[in-house]
Amino acid sequence: LTMSWQAYVDDQLVGAGLTGGALLGHDGSVWASKNFNLQGNEGANLANLFKNPANVFAAGVVLGGNKYMGIKGDERSIYGKKGATGVATAKTGQAIIIGYYDEKGQPGNAAVIVEKLADYLIENGY
């Protein structure tokens with residue numbers, strides 16, 4: 001991979017139509033972000049949630065200071081929504097991708113953008 005992690009967030013997430021996004025390590029540490037700021041232990045909590053992703057349906061997921069209702073939870077993807085906003089997250093071999101959309105965004109579009117980047121990272125060993 002030749003682009004920086006920040007470039008992936010800027011070009012492949014926000015540039016593709018998301019309001020904000022971030023790339024994290026499996027420990028929840030932030031590698032890059034734009035228009036989306038994790039608070040406290042949110043990154044680590046998301047990383048832990050991927051160990052038992054079905055828990056998102058009962059507990060929701062808190063990212064960027066907002067609690068989202070869980071609408072998808074499996075080993076690869078965790079999605080949440082709050083009103084007309086939401087997050088789509090995906091786990092790859094080494095990274096966790098977060099895509100955030102505001103009320104102008106579409107949940108399905110956010111999922112496609114995040115999953116497309118996840119596929120690309122996985123294909124390239126990340």
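Here are some questions and answers about the fold of this predicted model.

Q: Which strands stand at the edges of the seven-strand sheet?
A: Let's start with the order of this open sheet, which is β2-β1-β7-β6-β5-β4-β3, with antiparallel pairing. A strand at an edge has a single partner strand, so one side of it is left without a neighbour in the sheet. The strands that fit are β2 and β3.

Q: By how many degrees are neighbouring strands of this sheet turned against each other on average?
A: Stay with the open sheet of seven strands. Ignoring direction, the average turn between neighbouring strands is 25 degrees.

Q: Is Ala32 buried or exposed?
A: Ala32 is found in strand β2, which covers residues 30-34. Among the residues Ala32 touches are Trp5, Val9 and Leu23. Buried means under 20% relative accessible area. Ala32 has 3% relative accessibility, so it counts as buried.

Q: How many Å apart in space are Ala32 and Val9, C-alpha to C-alpha?
A: In sequence, these two sit 23 residues apart. Even so, Val9 is one of the residues that Ala32 touches. From C-alpha to C-alpha, the distance is 6.8 Å.

Q: Which helix lies across β1, β2 and β7?
A: Look for a helix running at about 40 degrees to β2. It spans residues 5-14, and its name is α1.

Q: What angle does the direction of helix α4 make with that of β7?
A: Helix α4 takes in residues 107-123 and packs on the sheet. There α4 touches β1, β5, β6 and β7. Its direction and that of β7 make an angle of about 160 degrees.

Q: Within what arc do the buried residues of α2 fall?
A: The buried residues of this helix are Glu42, Gly43, Leu46, Ala47 and Leu49. Seen down the axis of α2, they line one face of the helix, because they fall within an arc of 160 degrees. As for what covers them, that includes α3, β3 and β5.

Q: How many bridges join β5 to β6?
A: These two strands run antiparallel, and Lys82 has Thr85 in β6 as its bridge partner. Their hairpin has two residues between the strands, and Gly83 takes a positive phi near 60 degrees there. The number of bridges joining β5 to β6 is six.

Q: Which residue in β5 stands opposite Met69?
A: Strands β4 and β5 run antiparallel and are joined by four bridges. A hairpin through three residues also joins β4 to β5. In β5, the residue opposite Met69 is Lys81.

Q: Which residue meets Glu115 in a salt bridge at 2.6 Å, N to O?
A: Side chains of opposite charge can pair when their charged atoms come close. Glu115 is in helix α4, while its partner is 39 residues apart from it, in the loop between β4 and β5. Glu115 is buried, with a relative accessible area of 14%, whereas the partner is partly exposed at 26%. That partner is Arg76.

Q: In the salt bridge of Asp102 and Lys104, which residue counts as exposed?
A: The side chains of Asp102 and Lys104 meet at 3.7 Å, N to O. Asp102 has 14% relative accessibility, so it counts as buried. Exposed means over 50%. At 69%, the residue that counts as exposed is Lys104.

Conventions
Residues are numbered from 1 along each chain as its sequence is written. This is a predicted model: local features need pLDDT of at least 70, side-chain atom pairs count only at pLDDT 80 or more; totals for chains, interfaces and linings use all residues. Side-chain values use heavy atoms; hydrogens and water are left out. Buried means under 20% relative accessible area, exposed over 50%, partly exposed in between (1.4 Å probe, protein chains only). Contact means heavy atoms within 4.5 Å. Two strands pair if DSSP finds at least two bridges between them. Axes are lines fitted to C-alpha atoms, for helices over the stretch in contact, and angles run from 0 to 180 degrees between N-to-C directions. The arc is that of the directions from the helix axis to the C-beta atoms. A salt bridge is a side-chain nitrogen of Lys or Arg within 4 Å of a carboxyl oxygen of Asp or Glu. Lists of a residue's contacts leave out its neighbours within four places in sequence.
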